[in-house]
Structures are given as structure tokens and as C-alpha cells.
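Thank you all for making the time. I would like to walk you through one chain slowly, for those who have not looked at it before, so please have the view open in front of you.

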Amino acid sequence: MASTGVIREIDNLGRITLPKELRDHLSMPAKTPIAIHVEGTRIILEKSNRACFLCGSTEDVKVLNGKGVCASCVEQIKAEL
Ligand SMILES: [Zn+2]
């Protein structure tokens with residue numbers, strides 16, 4: 001796992017901010033659901049595939065080839081084809 005070299009402090013409410021460059025690189029807009037795993041002393045944050053990879057919605061999402069896609073985006077794709 002590559003280190004970003006970024007160090008952030010946890011605030012009084014237990015929150016940290018992920019660097020914008022990292023969120024952009026991993027296509028993680030606001031409201032992206034994150035799965036939290038613990039491995040020993042490591043905390044692993046992973047985009048949840050329960051969210052649509054196109055719009056970030058968590059409603060009516062189906063997983064195709066490991067990526068979530070919502071019904072609304074499926075309908076938009078159908079309309080464009
Ligand atoms: Zn969508």
C-alpha cells in the first residue's frame with residue numbers, strides 16, 4: 001500500500017479530512033459511502049460498492065462487475081443508447 005505522506009489530526013468529534021487530491025484520484029465525491037475495516041493497528045477505508053460509481057447514490061443500487069450502479073443511471077444510459 002502506497003503512503004501519501006499526508007498526516008492529519010483527528011478532530012474532537014473523531015473526524016479526519018481526506019485530501020482532495022486523493023478523493024479526486026479515487027473518484028470519491030461528497031457522500032461516497034466508505035466501508036471501514038480494521039487490520040491489526042491499521043484502519044482501512046474502502047469505497048463501498050453499495051454506492052453508484054457514476055453518481056454516488058446509495059438508492060436502488062445493483063452491483064455489476066464489482067461496481068455499484070443505480071437504477072437512475074441505468075435508465076439514463078439506456079436513454080442515451
Ligand atoms: Zn447513479
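**Two hairpins and a small core**

Let me begin at one pair of residues, where Val 38 stands opposite Ile 43, the latter belonging to strand β2. I should say at once that this is a predicted model, and everything that follows should be heard with that in mind.

The pair I just named belongs to a hairpin, in which strand β1, residues 34-39, pairs with β2 in the antiparallel sense over six bridges. Two residues lie between these strands, and in this hairpin Gly 40 takes a positive phi near 65°. Is strand β2 buried or in the open? None of the six residues of β2, which covers 42-47, is buried, so the strand lies largely in the open.

Further along there is another hairpin, where strand β3, residues 61-64, and strand β4, residues 67-70, run antiparallel and are joined by four bridges. Here the bridge partner of Val 63 is Gly 68 in β4. Two residues again separate the strands, and this time Asn 65 takes a positive phi, near 50°.

Stepping back to the whole chain, we have two helices and four strands, and from the N terminus on they follow the order α-β-β-β-β-α.

Which residues make up the largest nonpolar core? There are five in all, namely Ala 51, Cys 52, Val 61, Val 69 and Cys 70. If you select Cys 70 and leave aside residues up to four places away in sequence, you will find that it touches Cys 52, Cys 55, Ser 57, Glu 59, Asp 60 and Val 61.

Buried residues are 7% of the 81 in the chain, and of the contacts with a separation of 6 or more, 7% are between residues 24 or more positions apart. As for overall dimensions, the radius of gyration is 15 Å, whereas a compact globule of 81 residues would have one near 12 Å, and the C-alpha trace spans about 45 × 25 × 25 Å along its principal axes.

Finally, please look towards the start of the chain, where Ser 3 lies in the segment before α1, the helix at 20-25. Ser 3 counts as exposed because it has 5 C-beta neighbours inside 10 Å, and the cut-off for exposed is 12 or fewer. Its C-alpha atom is separated by 34 Å from that of Cys 73, which is 70 residues away along the chain.

Terms used: Residues numbered from 1 in each chain as written. Predicted model: local features only at pLDDT ≥ 70, side-chain atom pairs only at ≥ 80, totals over all residues. Rg over C-alpha atoms; globule rule 2.2 N^0.38 Å. Buried ≥ 20, exposed ≤ 12 C-beta atoms within 10 Å, placed from the backbone. Contact = placed C-beta atoms within 7 Å. Pairing = 2+ DSSP bridges. Core = buried A, V, L, I, M, F, W, Y, C linked by C-beta atoms within 7 Å.
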